Amino acid sequence: IMDIFNNKIGIVGLGYVGLPLAVAFAEKFKVIGFDINKERNSQLNLGYDSTQEVDQRTLVSVLDIDNNLNQGLHITNDKKQLKSCNVYIITVPTPIDKFNSPDLRPMQKATETVAGVLKRGDIVIYESTVYPGVTEDEMVPILEKQSGLKFNEDFFCGYSPERINPGDKEHTVKKILKITSGSTPAVADRIDSLYRAVIEAGTFKASSIKVAEAAKVIENSQRDINIAFVNELSKIFNLLGIDTNEVLEAAGTKWNFLKFKPGLVGGHCIGVDPYYLAQKAQELGYHPEVILSGRRVNDSMGIYIANEVIRIMLKNNINVIDSNLLLLGFTFKENCPDFRNTKVIDIVKELNSVRINVTIFDPWVNSEQVKKEFDIQVYSSESEITTKKYDAIVLAVSHQEFLKMDLESLIVKGGIVYDVKGCLPDNFVTSKL
């Protein structure tokens with residue numbers, strides 16, 4: 001096995017996963033960062049990361065301005081520039097379609113891009129979340145067909161699942177233990193050494209690519225099921241008139257009680273990955289009851305919250321039709337600009353269906369991008385939403401900015417406050433999830 005520092009790494013996809021990884025590798029290796037989004041590339045070359053995963057100082061420090069041959073990050077949308085690499089890491093999204101079926105098209109297109117520059121001895125590593133078998137059964141045939149090379153003779157593959165937690169400044173890419181795997185024992189060792197050179201938390205070498213793929217997909221499926229359980233509990237305790245958070249706090253005093261909280265489950269991982277595992281199971285003739293049951297519970301929570309808000313408004317003699325409601329937060333989680341697969345949109349649609357005037361405030365999102373994707377207005381400046389008072393306030397995402405706002409001045413006398421995240425003062429909140 002050659003000296004790992006002689007490797008030149010091509011990272012395909014510079015989003016939430018690819019960019020932090022590219023920056024980490026660029027501190028010690030020569031890295032070509034490839035992304036088809038020209039606007040994204042231009043911003044990155046100026047040191048600006050719209051995902052806010054990498055700060056400007058860190059990004060600028062690794063950018064290859066002087067075409068350093070030994071290390072640094074060179075960003076491009078020119079496929080030809082990938083030719084000089086001998087290790088390719090694919091970090092593109094793996095979404096689901098409107099039928100909740102896995103959509104492998106971004107991964108297939110990225111694989112075709114790499115196949116066009118693949119050479120003898122090269123390694124292709126996947127980080128995108130998939131069901132077991134995607135790398136070897138779905139992607140390898142594309143690499144073989146388009147490159148004319150033979151798998152495990154001319155080129156090799158690996159799988160090292162991403163564990164990025166958007167917005168988390170503590171568990172960053174270098175500080176999260178990395179699972180690695182390879183298509184042969186020697187390649188598995190080489191891939192493990194490659195990641196170990198930059199991952200401070202260390203690595204865990206899985207016995208096969210399929211084992212690594214399966215490990216990734218169950219990490220998020222497990223969280224999804226646990227959150228679904230407490231979401232169901234919150235519905236039951238609500239009917240009983242018991243505070244769910246107080247119940248969870250009491251139960252949490254037992255040493256082996258798992259501490260999960262109810263809420264909306266969106267984003268690109270927890271709300272998506274279980275469908276990948278379920279799809280593969282169904283292909284094999286097994287219907288996964290627990291996994292899909294959890295998905296149904298969590299996918300229903302936006303509508304449930306909206307209907308709870310409507311019920312409480314009616315109970316408090318608020319005329320629902322043409323009422324004004326302030327919805328705080330649109331991203332899928334707090335203190336993060338990521339609104340992929342946000343379930344807040346379900347709340348908005350349900351409230352709009354009964355002619356409630358919903359004003360959405362989120363200082364973290366790009367309002368233009370939200371408008372483009374959902375055709376709704378999200379205000380990002382507090383001054384834009386303080387010009388009137390509201391019949392109801394719903395806190396959907398616990399951004400730090402919301403906890404500092406004078407919300408009391410924004411609500412009419414007799415108005416209601418619904419706290420999805422359970423983080424506002426109890427004496428101010430009418431009801432919570």
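Here is a quick tour of two sheets, a pair of helices and some empty spaces in this structure. Keep in mind that the model is predicted. One open sheet has 6 strands in the order β3-β2-β1-β4-β5-β6, and another open sheet, also of 6 strands, has the order β11-β10-β9-β12-β13-β14. As for empty space, a search of the whole structure turns up 1 cavity of 30 Å³ or more, and the second largest pocket holds about 1200 Å³.

**The sheet from β1 to β6**

- Reading across this open sheet, you meet β3, β2, β1, β4, β5 and β6 in that order, and the pairing is parallel.
- The edges belong to β3 (72-76) and β6 (156-159); each has a single partner strand, so one side of each is left without a neighbour in the sheet.
- From one strand to the next, the twist averages 20 degrees.
- Want a pair to look at? Strand β1 (residues 8-12) and strand β2 (residues 30-34) run parallel and are joined by 5 bridges.
- Within that pair, G10 has I32 in β2 as its bridge partner.
- Helix α5 packs on this sheet, where it touches β5 (123-126) and β6, and its direction makes about 145 degrees with that of β6.

**Where α5 meets α7**

- Two packed helices are described by the angle between their axes and the distance between the axes.
- For helix α5 (residues 134-147) and helix α7 (residues 209-240), the axes come within 9 Å and cross at roughly 110 degrees.
- That crossing makes α5 roughly perpendicular to α7.
- Which residues in α5 and α7 meet? On the α5 side they are V134, T135, E136 and D137, and on the α7 side I209, K210 and E213.
- Sorted by class, the residues of this contact are 2 nonpolar, 1 polar and 4 charged.

**The sheet from β9 to β14**

- This open sheet goes β11, β10, β9, β12, β13, β14, again with parallel pairing.
- At its edges stand β11 (378-379) and β14 (431-432), each with a single partner strand, so one side of each is left without a neighbour in the sheet.
- Strand β9 (residues 324-328) pairs with strand β10 (residues 357-361) in the parallel sense, over 5 bridges.
- In this pair, L326 stands opposite T359 in β10.
- Helix α11 (residues 301-315) lies across β9, β12 (390-395), β13 (411-419) and β14, and runs at about 150 degrees to β13.

**The second largest pocket**

- Rolling a probe the size of a water molecule over the atoms shows where empty space is left.
- The second largest pocket has about 1200 Å³ of space and a lining of 44 residues.
- Nearest the centre of this pocket lie N165, R223, I227, I270 and K333.
- What supplies the largest share of the lining? That is α7, with 6 residues.
- By class, the pocket lining counts 18 nonpolar, 12 polar and 14 charged residues.

**The cavity**

- The largest cavity encloses about 60 Å³ of space.
- Its lining is made of V17, L21, E127, E162, R163, I164, V173, I176 and K178.
- Of the residues lining the largest cavity, 5 are nonpolar and 4 are charged, with no polar ones.

Technical notes
Residues are numbered from 1 along each chain as its sequence is written. This is a predicted model: local features need pLDDT of at least 70, side-chain atom pairs count only at pLDDT 80 or more; totals for chains, interfaces and linings use all residues. Side-chain values use heavy atoms; hydrogens and water are left out. Axes are lines fitted to C-alpha atoms, for helices over the stretch in contact, and angles run from 0 to 180 degrees between N-to-C directions. Helices (H or I, at least four residues) and strands (E, at least two) are DSSP runs, numbered from the N terminus. Angles under 35 degrees count as roughly parallel, over 145 as roughly antiparallel, 65 to 115 as roughly perpendicular and the rest as oblique. Contact means heavy atoms within 4.5 Å. Ala, Val, Leu, Ile, Met, Phe, Trp, Tyr, Cys and Pro count as nonpolar, Asp, Glu, Lys and Arg as charged, and the others, Gly among them, as polar. On a 1 Å grid over the protein atoms alone, a cavity is a set of points where a 1.4 Å probe fits but cannot get out, and a pocket is an open set with protein on both sides within 12 Å along at least five of seven lines; lining residues have an atom within 4 Å of a point. Grid points are joined across faces, edges and corners, and a volume is the space filled by probe spheres set on the points. Two strands pair if DSSP finds at least two bridges between them.
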